[in-house]
Amino acid sequence: LRTNLSEAGLSAVRKRQERIEARKAAEYARKDEPAVTSDGRRVQVVANIGGVDDAKESQTKGAEGVGLLRSEFVFLGRADAPSEDEQVAIYADCARALAPGQPLVIRTLDVGGDKPLAYLPIPAEENPFLGVRGIRVGLDQPEVLRTQIRAVLASSDAGAKLHVMFPMIATIDDWRRAKQIFDEERSKVAAWDRVSVGIMMEVPSVAVMARQFAAEDGCDFFSVGTNDLTSYTLAMDRGHPKLASQVDPCNPAVLALIGQAAEALHERGKWLGVCGGVASDPQAVPILIGLGVDELSCSIPAIPAVKAAVRAYDLSTCRALAEKAVTCATPAEVRALVPVDEF
Ligand code: PEP
Ligand code: MG
C-alpha cells in the first residue's frame, strides 16, 4: 500500500493500469485463435474446471477443451456418495458444454490429505499428505472408483473426447491396480475404445521412473500436477505460512523432472500436459514449451494471456531457455531468464 503519492506517481500508476487494460484487450481479441509459437509449434491450451458452469465459461474464454476436471465437486457438500446416474448427468453436461471432439480430462476422485469427505471416512493419520489420498482412496475403496469409471464411460458419447486420469500415482503397482479396475469396467460396456487413460505426475517417483510408466500398456499421457509435485519434491507444504513462498514450481528440480518425463513420453509417442498452477503463469510458459510440454491446462481467466505467451516465442528460444533453466541454481535465477513486462 502506497500512501501520499505525488501527482507524478499517481499518473504513472494510471498509465500502468491503462497499459495492462490495453494488453488484456489485445490478448482477449485473439482468445479463440490457436496458440502457436512463431515457428509453428502448436500448444493445446485447455481449462481447469470444477463444475458444469466452468465448462461453459471456459468456452467463452478461448479454451480448447478441459485438461483437468476436478471431480471432487461431484462428491463434496453432500451426505452420501453420488450415484452412477448422478455422475453420468454431470460428466455428460460438461462434455456437451465443450465443442464436439474437444478433450475432457476427468480426474478421478482426489480426496484425503487436504480434502476430507464426511461419508468416506479416512482414519486420522499422522501425516495425511503422505497417507491415504488420491488414487489410494480409490484402491482402498474400489467400489467408489468403479462407480466413477462406469459413469465416465457412460458419458463418452456426449460429444467431447473423454480421458480419465488417476491422481497421486506413486508406483507402477498403483497404476496397474487402477488400470485393472478401469479395464474390468470397460470390458462390460461398448465404449472401450472411446476413453483414453493417463496419470497425474504429482509424486517425484513418477518422473524418475517416467520411462517405466511410459512403457506401460494403455498409459497414454501424464498431466503434471505441479502444485503437489513441487511440495513433494521440496518436502514443503504449499499451505505452510512460513514455507509456502519457497514452494515455487520454477524450482530447477521441478523443471528437470518435467523435462525428463516429457522426453520419456515422447519416445513412446505419448503426450504430457501440465495442469498445476504454473501452467497459468505466462512467465513459465516458454520454459514449459522448451521442456516439451504439449498441453497447458490453466485457470479460466488465464487462458488468453497463456495463449499470447505461446505466440510470443519460437521453439528454439523456448528450448534454449529450458536448457538454461534446468541448470540454474534457484527459482529466482530461472525467473530472471524470462523478462516480464514490468509496465
Ligand atoms: C496439482 O497438484 O498441481 C493439481 C493440479 O492437483 P490439485 O487439485 O491437488 O491442485
Ligand atoms: Mg494435486
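In this predicted model, the sulfur of C250 lies 10.0 Å from the closest cysteine sulfur, which belongs to C328, and this is too far for a bond. C250 is also buried, since its relative accessibility comes to 3%. A similar reading applies to C219: the closest cysteine sulfur, in C275, is 14 Å from the sulfur of C219, again too far for a bond. With a relative accessible area of 0%, C219 is buried. For a disulfide, the two sulfur atoms would have to be within 2.5 Å. The structure as a whole holds 0 disulfides.

Attention turns next to ligand 1. Its surroundings consist of 13 residues, and the closest are R70, R107, G225, N227 and D228. By class, the shell around ligand 1 is made up of 6 charged, 4 polar and 3 nonpolar residues. Arginine side chains supply several polar contacts to this ligand. In R70, a side-chain N or O atom is 2.8 Å from an oxygen atom of ligand 1. For R107, the corresponding separation between a side-chain N or O atom and a ligand oxygen is 3.0 Å. R238 likewise places an N or O atom of its side chain 3.0 Å from an oxygen atom of ligand 1. On its own, ligand 1 has 290 Å² of accessible area, and the protein covers 96% of it. Two or more residues of the shell come from each of strand β3 (66-70) and helix α10 (226-234). Of the contributing elements, α10 gives the most, with 3 residues.

Helix α10 also takes part in the site of the magnesium ion, ligand 2. The protein donors here are E202, through OE, and D228, through OD, and they lie 2.0 to 2.1 Å from the ion. This pair joins distant parts of the chain: E202 sits in the loop between β6 (196-201) and α8 (204-208), whereas D228 belongs to helix α10, and the two are 26 residues apart. Both E202 and D228 are buried. D228 thus has a place in both descriptions, being among the closest residues to ligand 1 and a donor to the magnesium ion.

Backbone geometry offers two further points of interest, each a positive phi in a residue other than glycine. For N4, phi is about 50 degrees. This residue is located in the segment before α1 (7-29), and its relative accessible area of 79% makes N4 exposed. For A235, phi is near 55 degrees. A235 is part of the loop between α10 and α11 (252-267), where a relative accessibility of 68% places A235 in the exposed class.

A last view concerns V66, a residue of strand β3. V66 is buried, with 0% relative accessible area. Although strand β3 gives two or more residues to the shell around ligand 1 and R238 makes a side-chain contact with this ligand, the C-alpha atoms of V66 and R238 are 24 Å apart. Along the chain, 172 residues separate V66 from R238.

How values were computed. Residues are numbered from 1 along each chain as its sequence is written. Chains are lettered from A and ligands numbered from 1 in the order in which they are written. This is a predicted model: local features need pLDDT of at least 70, side-chain atom pairs count only at pLDDT 80 or more; totals for chains, interfaces and linings use all residues. Side-chain values use heavy atoms; hydrogens and water are left out. Buried means under 20% relative accessible area, exposed over 50%, partly exposed in between (1.4 Å probe, protein chains only). A residue is near a molecule or strand if one of its heavy atoms lies within 4 Å of it. A polar contact is a pair of N or O atoms within 3.5 Å; within protein, one must be able to donate a hydrogen and the other to accept it, and residues adjacent in sequence count only if both atoms are side-chain atoms. Accessible areas come from the Shrake-Rupley method with a 1.4 Å probe; for residues, only the protein chains shown count as cover. Helices (H or I, at least four residues) and strands (E, at least two) are DSSP runs, numbered from the N terminus. Ala, Val, Leu, Ile, Met, Phe, Trp, Tyr, Cys and Pro count as nonpolar, Asp, Glu, Lys and Arg as charged, and the others, Gly among them, as polar. Donors are N, O and S atoms within 2.8 Å of the metal (3.2 Å for Na, K and Ca); water is not among the atoms, so sites may look incomplete.
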